[in-house]
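I opened a new notebook page for this structure. I wanted the local details first and the overall picture afterwards.

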Amino acid sequence: MPPPWQDAPPVEPYPYEDTHDLRTGPDLHPALLGLLPYVGWWRGRGRGGYPTIEDFDYAQEIRISHDGRPFLFYESRAWLLDEQSRPIRPAGREVGWWRPVMRDDRPTDEVEALMTTPTGIMELYLGRVDGTRLELVTDAVMRTSTAKEVNAGHRLFGIVAGDLLYAQDMAAMGHSLSPHLSARLIRIGG
């Protein structure tokens, strides 16, 4: 007997909207009010480095969106810049999910975040939101057999004068937690 979907008609496109703009799409889930300042589309520049690599300049876009459920979708893509701020090549990319910890059906100031890169690294962060400050520390890091050695991370996000600022520390390649990335991104949408 064939499965019921074998001769079924085609399916229409995904019918639910995901938005980074609070003026359109579904209402923000009430559990996300503590993370509301981060919802948006951000672009800017930063500086990176690590004990195992030379310092570098980069540009980045981050989109933090929602679909009305109690979590945020986080999407980041970066590209390297030369001395004249011209693009050199694509750089880091990651996607993830941020969600408030719920107790007795009420959101707390605690946040869980899952972050994944195409280079084979998955990180589980636990943290806390305090006004316009979000601090996350890894609880677990998983790597594929071909991924670079990353053992821990620390991320600090903040909304400062309307911009998204962040700093990311990393423990990797035999080094303890060290500064890796920092940037200032301007809201371009949302």
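**Met102**

I started with Met102, which is partly exposed at a relative accessible area of 37%. The model is predicted, so I am reading computed geometry throughout. I placed Met102 in strand β4. I then listed what Met102 touches, leaving aside neighbours within four places in sequence: Ala31 and Pro107 are in contact with it. I also checked Met102 against Pro37, 65 residues away along the chain. Their C-alpha atoms are separated by 19 Å.

**The chain as a whole**

I stepped back to the fold. I found ten strands and zero helices in the protein chain. Read along the sequence, the pattern is β-β-β-β-β-β-β-β-β-β. The C-alpha trace spans about 55 × 45 × 35 Å along its principal axes. I noted that 38% of the 190 residues count as buried. I also looked at contacts between residues at least 6 apart in sequence. Of these, 40% join residues at least 24 apart.

**Strand β6 and its partners**

Next I looked at β6, residues 121–130. Side chains in a regular strand alternate between the two faces of the sheet. I wrote down both faces of β6. The covered face has Ile121, Glu123, Tyr125, Gly127 and Val129. The uncovered face has Met122, Leu124, Leu126, Arg128 and Asp130.

How many bridges join β5 to β6? I count seven, and the two strands run antiparallel. Strand β5 covers residues 106–116. I followed one bridge from Glu110 and reached its partner in β6, Arg128. The hairpin of β5 and β6 has four residues between the strands. In this hairpin Gly120 takes a positive phi near 95°.

I did the same for β7, residues 133–143. Ten bridges join β6 to β7, again in an antiparallel run. The bridge partner of Leu124 in β7 is Ala140. This hairpin has two residues between its strands. Gly131 sits in the turn, with a positive phi of about 65°.

**Positive phi outside glycine**

I then looked up two residues with positive phi that are not glycine. Ser85 has phi near 65°. I located Ser85 in the loop between β3 and β4. Ser85 counts as partly exposed, at 33% relative accessibility. Met173 has a positive phi of about 50°. I found Met173 in the loop between β9 and β10. At 42% relative accessibility, Met173 is partly exposed too.

**Aromatic rings**

I searched the whole structure for aromatic pairs and got nine. Phe56 and Tyr58 form a tilted pair, 5.9 Å centre to centre with 45° between the planes. Both Phe56 and Tyr58 are buried. Tyr74 and Trp98 form a stacked pair, with centres 5.4 Å apart and planes at 20°. Which parts does this pair tie together? Tyr74 lies in β3 (residues 72–81) and Trp98 in β4 (residues 87–103), so the pair links parts 24 residues apart in sequence.

Are these two rings' residues buried or exposed? Tyr74 has a relative accessible area of 2%, so it is buried. Trp98 is buried as well, at 0% relative accessibility. I traced the ring pairs onward and found a cluster of Tyr38, Tyr74, Trp98, Phe157 and Tyr166.

I also noted a charge over a ring. The charged end of Arg43 sits over Trp41, 5.7 Å from the ring centre.

**Asp163**

I turned to Asp163, in strand β9 (residues 163–172). Is Asp163 buried or exposed? Its relative accessible area is 15%, and the cut-off for buried is under 20%. Therefore I logged Asp163 as buried. Not counting residues up to four places away in sequence, Asp163 touches Trp42, Gly158, Arg184, Leu185 and Ile186.

**The largest pocket**

I finished with the largest pocket, which holds about 1,000 Å³ of space. I listed 40 lining residues. The closest to the pocket centre are Phe56, Gly92, Met170, His180 and Leu181. Which elements give two or more residues to the lining? They are β2 (53–65), β3, β4, β6, β8 (150–160), β9 and β10 (178–189). Phe56, already noted in the tilted pair with Tyr58, is thus on my list for this pocket as well.

Key:
Residues numbered from 1 in each chain as written. Predicted model: local features only at pLDDT ≥ 70, side-chain atom pairs only at ≥ 80, totals over all residues. Heavy atoms only, no water. Phe/Tyr/Trp six-rings, centres within 6.5 Å; stacked < 30°, edge-to-face > 60°. Buried < 20%, exposed > 50% of the residue type's maximum accessible area, 1.4 Å probe, protein only. Lys NZ or Arg CZ within 6 Å of the ring centre and 35° of its normal. Pairing = 2+ DSSP bridges. Contact = heavy atoms within 4.5 Å. 1 Å grid on protein atoms, 1.4 Å probe; cavity = no way out; pocket = protein on both sides within 12 Å on 5 of 7 lines; lining within 4 Å. Points joined across faces, edges and corners; volume = space filled by probe spheres on them.
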